[in-house]
Amino acid sequence: HRSVSRGLGDVYKRQTYDYLPDKQIIREQIKSVLQPIFIKYGFAPIETPVICTYDLLASKYSEGADILNEMYKLSDQGKRKLGLRYDLTITFSKLVSSNPNITLPFKRYEIGRVYRDGPVKLGRCREFTQCDVDVVGVKSIMAEAEYMMMTNEAYKKLGLDVEIEFNNRKLLSGIIISVLGELSDEKLRKCIMLIDKFAKLTREELIEEFYKLDVSTKQFEELIDYFSLNYADLKKKLANSKNNLIIQGLAEIDELYMYLEGTDAVERMRFAPYLARGIDVYTGMVWEVFLKDRQIAGKDFNVSIGGGGRYDNIITTFIDDGTEYPAVGMSFGLDVIYEILALKDSKEKTSVVDIFVIPLGTEKKSFEFASKLRNAGLKVEIDKNVKKLKKSMTYANKMNIPFVIILGEDEITKGSVQLKNMKTGGNTKFYIDNVMEIKNFVLQESSAQ
């Protein structure tokens, strides 16, 4: 993590960050890949406010909670207490509650800015972009199975080879209770948070932390034995358990496997019995997405690039009208995905332009020609500054524009132009009026490269 961030400049030292076109193009491409996939799975776009009342933002947490300390607080001219949203879940809950006639199940995705005055880390500054995909009103594990399919497809389309670690919070809680006995909600929560660090802390560090919770070494060893097993062995070991949480958790995982049998998604999934996702709002299945080899640019990269789970109580408690609002959702880590793709594509800038038209005393004709090319579906820029041809070509190179057409009086007289491939240096002749042929050639060459 640290070695990778050093290679990415000082972005992680900044509170906010500017993205120049070559960087923003990659960010927009990520969204253009993901949004059609969300829609394909039946999720519709929404938009919620960035500025919210403080009471709304604080409604999920008790006073003193870390997230409230990280909230950016402000007030309006009426002295009302306001804040900037720190995630998209709370505003999603408000949207559902303020629209009582909304048809359930309701499936939505939202991509928007959120703000946290917290630690700056990989893929997260003070202001960062969240991409949430949620469904409310579905109890069936079929919802989680759909998320596994969508997650697999989305990262595959982004060109990332990933692994989806998953677990069940009921199973996790049930194992802890079966080993340690009945616990207070607070102690159970602390144990879950510690177990979630199973893959991050050393054995000695874990023993020390569990000791603070009055967990004996023997009990610790028993827990570790459970959390070191694969699913088949764990299920066998728990076959005779009478703990209802364990029974429910195993049944939900079995159902998830049943729906996904024979799919590409199940090949990318790995059961991680210690995974909790850290947040205590999850009530069932949870998952996190990692690069499969945990490497990027030759450096260790054990950082989550997405994750989600079932949270049946948040919206139910928020609305509190006697109706259950079971929900499942996940976040795609857009900013950290960008950092990965930027490293992969760092050698070459991407251009939004297909063709750069350079007029040589033919500004009016060049303007008309560029319009025809655009109407045919190409992205075209015209050189609007009078300068030497060499400078125009240098500009096209610096902007990584793939094709250039020089349009002078000679080309207009002959009725033909040379399309220059800036990567290969080759020229291809086309008649000026045959814009569709130019378009087809450009698209074919671009896809081949």
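A disulfide here is a pair of cysteine sulfur atoms within 2.5 Å. We're working with a predicted model, where local features need pLDDT of at least 70, side-chain atom pairs count only at pLDDT 80 or more, and totals for chains, interfaces and linings use all residues. Residues are numbered from 1 along each chain as its sequence is written, and side-chain values use heavy atoms, with hydrogens and water left out.

**Exercise 1. Work out how many disulfides the structure holds, and where cysteine 52 sits.**

Step 1: the count of disulfides is zero.
Step 2: look at cysteine 52, whose nearest cysteine sulfur belongs to cysteine 131, 18 Å away.
Step 3: check accessibility. Buried means under 20% relative accessible area, exposed over 50%, and partly exposed in between (1.4 Å probe, protein chains only). Cysteine 52 comes in at 5%, so it counts as buried. Cysteine 191 counts as buried too, at 0%.

**Exercise 2. Place strand E12 among its partners and decide which of its residues are buried.**

Step 1: get the element straight. Helices (H or I, at least four residues) and strands (E, at least two) are DSSP runs, numbered from the N terminus; E12 covers residues 306-310.
Step 2: find the partners. Two strands pair if DSSP finds at least two bridges between them. E12 pairs in the antiparallel sense with E9 (residues 285-291) over four bridges, and with E13 (residues 327-332), also antiparallel, over five.
Step 3: zoom in on glycine 309. Valine 286 stands opposite this glycine, while its bridge partner in E13 is glycine 329.
Step 4: check both faces. Gly306, Gly308 and Arg310 are buried on one side, Gly307 and Gly309 on the other. Five of the five residues are buried, so E12 is largely enclosed by the rest of the structure.

**Exercise 3. Sort the faces of helix H17 (residues 389-398).**

Step 1: list the buried residues, namely Ser392, Met393 and Ala396.
Step 2: look down the axis. These residues fall within an arc of 95° (taken from the directions from the helix axis to the C-beta atoms), so they line one face. As a reminder, an α-helix has 3.6 residues a turn, so residues three or four places apart point the same way.
Step 3: turn to the face away from the buried side, which carries the exposed Lys390, Lys391 and Lys398.
Step 4: see what the buried residues pack against: strands E14 (355-360), E16 (403-408) and E17 (416-421), with contact meaning heavy atoms within 4.5 Å.
Step 5: just after H17, asparagine 400 takes a positive phi of about 60°.
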